[in-house]
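User: I would like to learn how to read the sheets and helices of a model like this one. Please take me through the features one at a time.

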Amino acid sequence: MKRRQFITLVGGAAVSWPLAARAQQPDRVRRIAVLMSVPESDPEAQHWLGAFSEGLQRVGWTAGRNIRLDYRWAAPFDAESRQRMAKELVALQPDLILAQNTVSTASILQETRSIPVIFANVVDPIGSGFVASLARPGGNVTGFTLVESSIVGKWLELLKEIAPRVNRVAFLFQPAAAPYAQYYLDVFKAAAPSLGIAAIAAPINKTSEIEPVIAEQARDQNGGVILMPDTFLLVHRTEITSLAGRYALPAVYPYSNYTKVGGLVSYGYDLLDNYRRAAIYADRILRGTKPSELPVQLPVKVQLTLNLKTAKALGIEVPVHLQQLADEVIE
């Protein structure tokens, strides 16, 4: 069955692929530094960088021929380690730096305000102080946003549709990994009452707090959870989805990589797509365009993924129309 997109969210102007790579090649090898804030062993992160590398090749940049990529993998929750690696990358004097997310971008910008920087997935670049505006970033940085706040209402609606009994929802996040948390929480608290839902902010500061927070929410048979997009929760996705299953707690996740490891349902933007588009911006900057001339792009590719195996284990009957609208159904 051909899947249709569940909900279309209006974003900024999309970045389109060039029809062909430029024939004219630079007279020297160019250097791109990359700062990641997830473990190097994370397969999803490897896929993201694979998409970036493939995107560069598509527009004429090949590692070992005319481009060099220098990677640093900072410990996800070690700010000191991340800052040290940011300093190392800036010391290499690359032509361009790719930063994974909000915290890695912040670390890079503490070290340089001159080297061009592209962020791949940032929630609130204006509120974080990275850019002056989406249309006119200013300075040395531009890139791609991870999500926009109205999607929080869609997560609540989706949870209510799949598990109608839910009337108490906890919004999980890790404060250090999500300095933008209030950006989501304001919308979460405003949208919940219209659906008859009590909204609960549920910060998790360390790994040992994950199970107690989920267990507390599961004590109410009408409880549910939604996960905020942040690196801490993403790194612990297998543990979190397993606990939600063990405690029979309906949950909505922001990315499909949660549902692929047992999460009930995810609705969110395709992280891989932003890395593909980041390659196009990298090409333009390497060929002379200033970051300040490239508008920050909103996400454009949204995915609904359902895990029917998990739904069955939870005793949840997923509406047929949602199954038909889903981009992917795991059975």
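**Reading the sheets**

Analyst: One open sheet here has 7 strands in the order β7-β6-β8-β9-β10-β11-β12, and its pairing is mixed. The edge strands, β7 (198-203) and β12 (328-330), each pair on one side only. On average, neighbouring strands of this sheet are turned by 20 degrees against each other, direction ignored. The model is predicted, so local features need pLDDT of at least 70 and side-chain atom pairs count only at pLDDT 80 or more, while totals for chains, interfaces and linings use all residues. Residues are numbered from 1 along each chain as its sequence is written, and side-chain values use heavy atoms, with hydrogens and water left out.

User: What counts as a strand or a helix, and when do two strands pair?

Analyst: Strands of a sheet pair through backbone hydrogen bonds, either parallel or antiparallel. Helices (H or I, at least four residues) and strands (E, at least two) are DSSP runs, numbered from the N terminus. Two strands pair if DSSP finds at least two bridges between them. As a case, β11 (residues 302-307) and β12 pair in the parallel sense over 3 bridges, and Asn307 has Ile330 in β12 as its bridge partner.

User: Which helix touches β6, β8, β9, β10 and β11?

Analyst: Contact means heavy atoms within 4.5 Å. Angles run from 0 to 180 degrees between N-to-C directions, with axes as lines fitted to C-alpha atoms, for helices over the stretch in contact. Helix α4 (residues 151-162) packs on the sheet and touches those strands, its direction making about 160 degrees with that of β10. Helix α6 (residues 210-218) lies across β6, β7 and β8, at about 170 degrees to β6.

User: What is the strand order in the open sheet of 5 strands?

Analyst: The order is β2-β1-β3-β4-β5, with parallel pairing. Because β2 (67-73) and β5 (141-145) stand at the edges with a single partner strand each, one side of each is left without a neighbour in the sheet. The twist averages 20 degrees from one strand to the next. Strands β1 (residues 30-36) and β3 (residues 96-99) pair over 4 bridges in the parallel sense, and Val34 has Leu98 in β3 as its bridge partner.

User: Is Asn101 buried or exposed?

Analyst: Buried means under 20% relative accessible area, exposed over 50%, and partly exposed in between (1.4 Å probe, protein chains only). Asn101 counts as buried because its relative accessibility is 8%. Asn101 is found in the loop between β3 and α3 (102-111). Leaving aside neighbours within four places in sequence, Asn101 is in contact with Ser37, Asn121, Val122 and Thr231.
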